[in-house]
Protein chains: 2
Amino acid sequence: MTRLIVTFACLSCLVACAEPPAEAPYSASSPNLILIIGDGMDDHQITIARNYLVGNAGRLTLDDMPFRGMVQVQTVDDTNPAVPRYVGDSASGATAMATGQPTAEGRISTAAKTNEHLPTIMEMARAAGMRTGIVTTSRITDATPASFVAHMSNRYCEMPRGMVREDPIIPQDSTDCSAEFIANGGSGSIVEQIVNLDIDIYLGGGAGRFTDFIEGSDSITIRDAAVANSFRIIESGSELMGDLGQGKILGLFTDGHMPERMRGGVADFIERVNGVPQWPEAFGCEPNPAFGDTPSLAAMTRVALDRLDSHEGFLLVVESASIDKAMHYWRPCGHIGEMEQLDEAVEVSLDYAAVNRSTLVLVTADHGQTAQLLPHTSGLAPQHFAPTGRFARVRTPEDGIMGIGYASNDSPHWEDHTGVQVPLYAAGPRVDGLPHYLLQSDIFHIAATHLGLGDTWPAE
Amino acid sequence: MTRLIVTFACLSCLVACAEPPAEAPYSASSPNLILIIGDGMDDHQITIARNYLVGNAGRLTLDDMPFRGMVQVQTVDDTNPAVPRYVGDSASGATAMATGQPTAEGRISTAAKTNEHLPTIMEMARAAGMRTGIVTTSRITDATPASFVAHMSNRYCEMPRGMVREDPIIPQDSTDCSAEFIANGGSGSIVEQIVNLDIDIYLGGGAGRFTDFIEGSDSITIRDAAVANSFRIIESGSELMGDLGQGKILGLFTDGHMPERMRGGVADFIERVNGVPQWPEAFGCEPNPAFGDTPSLAAMTRVALDRLDSHEGFLLVVESASIDKAMHYWRPCGHIGEMEQLDEAVEVSLDYAAVNRSTLVLVTADHGQTAQLLPHTSGLAPQHFAPTGRFARVRTPEDGIMGIGYASNDSPHWEDHTGVQVPLYAAGPRVDGLPHYLLQSDIFHIAATHLGLGDTWPAE
């Protein structure tokens, strides 16, 4: 691949320029990778969060990482995989990163059209004797984390009971994965696959997905199966901070997705009175009381790093999931707060990497999201014209006002994704040699190359 | 500025790694800067253009430039400049880059609130004996190019007659710059300022702005004034390719903005029949017959580089203006074609820089733009829900379909800008030392430092 020769000839700069490590216990023997995914984290979401959290002239932790590039999201037509679809979801985005192979929307590390199971970077790391972990603010069965450890034709087949379901409004959310029942020779639901694995640590939400009975039983729950497979289940922040012993950990801190840290108003369509748009009042953000003492993404990341730190090396996937979810439901303070959670988890990871110098930290997104930073009043005549979609005004601590619009569809259900290229930030060995424009599947190859898993990237 | 120390310690990589020059005539004595501005060129526009022009897995010339970072757009409240406004326009964006000082929307290198004239990088380069040029596909009096050479409280004061005007629909487009008439001690209209300068080469559109009489005269046109100030006026592509002699050049190839290279359908609101959205047919793009034999941006850039190439060094500003303008008027093929023009001008510039090694090439945008790459059919139920704003479907040569939405307002006039951080690409001396996150005003400081104009960036 000729395109990479010039940039890849330059490998030494960052390491040579950074401070010497305070300690570097495993640097020669054990490559580590921390892959941090901001679900829906495109440049609008970063800009909106920066303006609110540190001001227009401020800097996020992300902004000071040594490398920044862009990643083309990849998704293909499920009936004709040669044709790109341009706008993907968490399943197709995470699958491209986890397996190096683009797939169709909704697929969890299975190939478009054929449903072939695609080997994931986490399975490869595990097979090579490395430690592995997943930290997320979503259900741990949700599409992004699931794509690293499970294989399923439809992301919604999280539980045995959910594998046959019809949605009257949104047919593509209807599911029939019955061919993938264990009884039919398949791997079973996503949650069953998760509890059957030897992942060292899972931390996130989704306890409600573990109360179902396992396929074919009317007495054994998924939780029972997890315990039988040597997982210790923890359910609170205080347990997380206590002595976790030596075995595998399954942290399930909330029934569904974990709560968003911040709350505020919700964007809505702008009403008109006598034809005049009624621009909404600006609001600020405040702590979300429902967040309570659920552990932060940074706290979970720190615990996971303590757990994974070893001579064998590790792969840790960290997801700030509700940047996306808050945007789907028009909650600007929600996505701002979850960007803050991501930025803190990045800081924890960079601190770890600063003393564990064989650690590569990658921060990227699975797909773009609709929320846009718009003028807070129309650039035209505000008494005549207004945004067509849902819209909110957020007052920043520096006393500016951001207009935030969501306009991908007019449904009361949720907002769509976009197909914009997404950011990649990196710190660690050889990141100054990364080309600044990549395909999403290149993330897999970079990861596999760094971890020494039989891949060589860039290809010759 | 501590934040820059690590990255700026690394200065040698790119130069050391690139191919040796075929010739490097002025590399020791004459720093050159080519600043290429994609008006409204944010990551959505780049992604949309890439998908169409080279395919989802293809690469633009931009994608292979050695450096990529992000730039925070800067714009402030005109009555209280301490408060950011977050969403700027071409005037505020270009002023921040041209002068290093953020200003309010609509201002041409004048300070918010005070109307103080802000010195521009092009004036500084000229004063230092360097050559200077502007190439654009807009009127050369339009906000982006004007901000490098003129000073005005309102971008719409392009001609003497335009300096007092009332717009019934869009009051902020109304103008009263009469205080800046020459008779009132001001600098006169933008076009008068332009023809009174010693810029070596202007190439673009806007001949219609030069037919007015100069202020206070009923017989001397702006064109007359340009000729009196030793400009040779050229008006066709064939003249541009001919012998241009030695004097100053004013190329005015069209009456208004130059035509867009490509055309196709126009996005519009999705109608409903019995409540069912009527999703529009997909269209492809085709050459715009109106483009005719007007010179391409690449051709103009090549001529300008020939003209400016010298022992003194130069500053050339190149703008692909109608990425923005096509988006304002919902023409996806228009903005795709103008992205192609930009990418070609980048190629011409990189070719020049490859043999003139003291040449820094910067490619950035003045602000983001509303057009988004959306699913071509709703991610929800397409028989129920559809995008709220104007929407088009573009069929790509690789047989995919892009949905492109515009939803910042519901007016028949135009689409707004956004406040997203915008790309910065760079090639040339020391670009591997650039931090990947910058403020828009940093572009000025990078330029002034490279050109040796008394600035030192980063500041200590």
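Chain B puts 69 residues into its contact with chain A, and chain A puts in 69 residues too, with two residues counted as touching if their C-beta atoms, placed from the backbone, lie within 7 Å. On the side of chain B that touches chain A, the elements giving two or more residues include helix 1 (5-8), helix 2 (13-17), helix 3 (43-53), strand 2 (67-72) and strand 19 (401-406) of chain B; helices (H or I, at least four residues) and strands (E, at least two) are DSSP runs, numbered from the N terminus. By type, that side of chain B splits into 31 nonpolar, 26 polar and 12 charged residues. Here Ala, Val, Leu, Ile, Met, Phe, Trp, Tyr, Cys and Pro go down as nonpolar, Asp, Glu, Lys and Arg as charged, and the others, Gly among them, as polar.

This is a predicted model: local features need pLDDT of at least 70, side-chain atom pairs count only at pLDDT 80 or more, and totals for chains, interfaces and linings use all residues. Residues are numbered from 1 along each chain as its sequence is written, and chains are lettered from A and ligands numbered from 1 in the order in which they are written.

Chain B lands on chain A after a rotation of 180 degrees with 0.0 Å of shift along the axis, at an RMSD of 0.0 Å (least squares on the C-alpha atoms of residues with pLDDT of at least 70 in both copies). That is how a two-fold axis relates things. Both copies use the same surface, as 100% of the contact residues of chain B turn up again in chain A.
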